[in-house]
Amino acid sequence: MTDSPRKLGVLASGLAFGEGPRWHERRLWLSDMHAHHVVTVDEAGRVERVVRVSGRPSGLGWLPDGRMLVVSMEDRKLLRYDGRSLETHADLSGLAAHEINDLVVDAQGRAYVSQFGFDFHHRGEFAKTEILLAEPDGRARAVAGELAFPNGMVISPDGRTLVVGESFAARLTAFDVAEDGGLSNRRVFAQLEGAVPDGICLDAEGCIWLASPPSKECLRVREGGEVLERIPTETQAIACMLGGADRRTLFVLTAETTDPDECRERKGSRVETARVDVPGAGLP
């Protein structure tokens, strides 16, 4: 690996805490988590509020019919937005004792939801946890367990592999996806050194870009663990997404702090970008 020649430029600033970036309908969508809004950012940097989520929004995705799904962290619900109002799509409170987090929706409209597994913000005792699956009709179940803070997730272009970042294990973990959406054949995609995966995205060569908050960088990682590229960030790198017309723009969400009160006061979260060589692939 050589040092990356790429430098990030600021596209938008003044957010409280950006999370869950997704490229959809020629715009970047994200959750301004601690400001309780889903927002969009166009390629000129214009920010537009879409909908308020009182329970703190995080992961985003879309059903095949175009309706948006939003993770509502605090009440542990998956919400559905039709452009006018929010409704409960799946109540996951019976499966998640603590906050739910990121989201990836497959081509059939099945939603995979990650969760903290313990009281993260109040420094509760760490516990491993599960990935949850919400069917298009709202029925939900756990599909993988014993995960150390499962976070960002991607699905391969053929829909047969799901990769999740385990933040508290410093690794990317892969699963086979069954016809019914179940996950099996758990294996290590990449064990990381000095980096902690948060939000992730997949490219057309099967490599994963991951944002690592504590090491303040985005990494491009090949299956097996080889780090192909590192792009440093001035502040914490929270999540990343490949988008733009050719899917060769790497959007990186950064933040000065993860403390909710400080985020709302400072509004120091930004959307930063760099051009890359290999386009995005798969979902989200």
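Strand E16 (residues 171–177) and strand E17 (residues 183–191) run antiparallel and are joined by six bridges. They are part of a predicted model. This briefing starts with that hairpin, then turns to an open sheet, two nonpolar cores and some single residues.

**The hairpin of E16 and E17**

- Five residues lie between the two strands of this hairpin.
- One of its residues, Gly181, has a positive phi near 90°.
- Leu172 has a bridge partner in E17, namely Ala190.

**An open sheet**

- Four strands make up an open sheet, in the order E10-E11-E12-E13.
- Their pairing is antiparallel.
- Strand E10 (100–105) and strand E13 (140–147) are the edge strands, and each pairs on one side only.
- From one strand to the next, the twist averages 25°.
- Strand E12 (residues 129–134) pairs with E13 over five bridges, in the antiparallel sense.
- Within E13, Arg141 is the bridge partner of Leu133.
- As a general rule, side chains in a regular strand alternate between the two faces of the sheet.

**The nonpolar cores**

- The largest nonpolar core holds 26 residues.
- Leu28, Leu30, Trp209, Leu250 and Val271 have the most contacts inside this core.
- Several strands give two or more residues to the core, among them strand E1 (9–15), strand E3 (27–32) and strand E4 (37–41).
- Strand E19 (208–212), strand E23 (249–255) and strand E24 (269–275) also give two or more residues each.
- The largest share comes from E22, with five residues.
- Leu30 shows how distant parts of the sequence meet: leaving aside neighbours within four places in sequence, its contacts include Leu15, His37, Leu60, Leu253 and Val271.
- Leu30 also contacts Gly18, Glu19, Gly20 and Pro21, with the same neighbours left aside.
- A second core is separate and has 23 residues, including Met33, Ala96, Ala111 and Phe116.
- In soluble globular proteins, nonpolar side chains tend to be buried together.

**Val278, after the last-named strand**

- Val278 sits in the segment after E24.
- Val278 counts as buried because its relative accessible area is 12%, and the cut-off for buried is under 20%.
- Residues up to four places away in sequence aside, Val278 touches Asp203, Ala204, Glu205, Arg220, Leu242, Arg247 and Arg248.
- Val278 and Arg160 are 118 residues apart along the chain, and their C-alpha atoms are separated by 21 Å.

**Unusual backbone angles**

- Most residues other than glycine have a negative phi, and most peptide bonds are trans.
- Phe149 has a positive phi, near 60°.
- Phe149 is found in the loop between E13 and strand E14 (150–155).
- The relative accessibility of Phe149 is 5%, so Phe149 counts as buried.
- Arg247 also has a positive phi near 60°.
- The loop between E22 and E23 holds Arg247.
- Arg247 counts as partly exposed, because its relative accessibility is 24% and the partly exposed range lies between under 20% and over 50%.
- Arg247 is also one of the residues that Val278 touches.
- The peptide bond from Leu283 to Pro284 is cis, and its omega is near 5°.
- Pro284 belongs to the segment after E24.

Technical notes. Residues numbered from 1 in each chain as written. Predicted model: local features only at pLDDT ≥ 70, side-chain atom pairs only at ≥ 80, totals over all residues. Heavy atoms only, no water. Core = buried A, V, L, I, M, F, W, Y, C linked by side-chain atoms within 4.5 Å. Buried < 20%, exposed > 50% of the residue type's maximum accessible area, 1.4 Å probe, protein only. Contact = heavy atoms within 4.5 Å. Pairing = 2+ DSSP bridges. Axes fitted to C-alpha atoms, helices over the stretch in contact; angles between N-to-C directions.
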